[in-house]
Amino acid sequence: MSDTVLYCANHPSVETTLRCNRCEKPICSKCAVQTPVGYRCRECVRGQQAVFETAKTRDYPVAAVVAAIGTAIGAAVLGVLGFWGFLVAPIVGGGLAEGIRWAVGRRRSRYLPRWAAIGAALGMIPTLVGPVITLLAIGGALDAASLGAILLGAAFPLIYGALIISTLYYRLGGIRL
């Protein structure tokens, strides 16, 4: 052991014994980022993440549009399956994630899952319009059984949509450091 005192490269008044395991720069606990292979400085982590950020600006709206169309079609088709749609909805979400990957040329970004989830949520709007229009058209002339049937008609597509969107989001998310 040496008696040399190290100071953080970013905070010169803070003593440290920690170094970035990539560039060997001395870092304090505030500057250290824990990764699966040890502690690294923020600059090395940013440089490593930049390698994985390959998406282009046009990929975000493409992902949103593909997700919107796919979710609208998926939720409508799942409505025919009734209860079994709950089991198929995550499969639809996974397939939709793969379709989006293909549409954007397998490029990646940390923001791509968010854009796809927003697009998928917007794609759920047409599925929910039917029950809302029915509710507004009938108005106050509803008994409890009719209201329950209309609300159940809206609940299933909402649950299908939630399952599709959550699966889509996490499948596109990939590995995070």
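Helix 2 hides a fair list of residues in this predicted model: Asp59, Tyr60, Ala63, Ala64, Ala67, Ala68, Gly70, Thr71, Gly74, Ala75 and Leu78 are its buried ones. What do they pack against? Their partners are helix 3 (85-103), helix 4 (112-123), helix 5 (125-138) and helix 6 (144-173). As background, an α-helix has 3.6 residues a turn, so residues three or four places apart point the same way.

The length of helix 2 checks out too. With 23 residues (59-81) at 1.5 Å a residue, helix 2 should span 33 Å, and its end C-alpha atoms sit 32 Å apart, so the two values agree. Right after helix 2 comes Gly82, with a positive phi near 65 degrees.

Now to helix 5, home to both Thr127 and Val129. Here is how the two compare with the cut-offs:

| Residue | Relative accessibility | Class |
|---|---|---|
| Thr127 | 18% | buried |
| Val129 | 35% | partly exposed |

Why does Thr127 count as buried? Its relative accessibility is 18%, and buried means under 20%. Val129, at 35%, counts as partly exposed, because that class runs between the 20% and 50% limits. Setting aside neighbours within four places in sequence, Thr127 touches Ala72, Ala75 and Pro157. One of these, Ala75, is also on the list of buried residues of helix 2.

Val129 has another role in the picture: together with Ile118, Leu122, Ile125 and Ile133, Val129 makes a nonpolar surface patch of about 460 Å². Helix 4 and helix 5 are the elements that each give two or more residues to that patch. Which of them gives the most? That would be helix 5, with three residues.

Stepping back to the protein chain as a whole, there are six helices and four strands. Reading from the N terminus, the order is β-β-β-β-α-α-α-α-α-α. For its 177 residues, a compact globule would have a radius of gyration near 16 Å, but the chain comes in at 24 Å. Along the principal axes, the C-alpha atoms fill a box of roughly 85 × 35 × 25 Å.

How much of the chain is buried? Buried residues account for 32% of the 177. The chain exposes about 10,900 Å², with carbon and sulfur atoms supplying 66% of that area. As for contacts between residues at least 6 apart in sequence, 57% join residues at least 24 apart.

Key. Residues numbered from 1 in each chain as written. Predicted model: local features only at pLDDT ≥ 70, side-chain atom pairs only at ≥ 80, totals over all residues. Heavy atoms only, no water. Expected span 1.5 Å × (residues − 1). Buried < 20%, exposed > 50% of the residue type's maximum accessible area, 1.4 Å probe, protein only. Contact = heavy atoms within 4.5 Å. Patch = residues over 30% accessible without salt bridge, like charges linked within 9 Å, V, L, I, M, F, W, Y side chains within 5 Å. Areas by Shrake-Rupley, 256 points an atom, 1.4 Å probe, with all protein chains shown as cover. Salt bridge = Lys/Arg side-chain N within 4 Å of Asp/Glu carboxyl O. Rg over C-alpha atoms; globule rule 2.2 N^0.38 Å.
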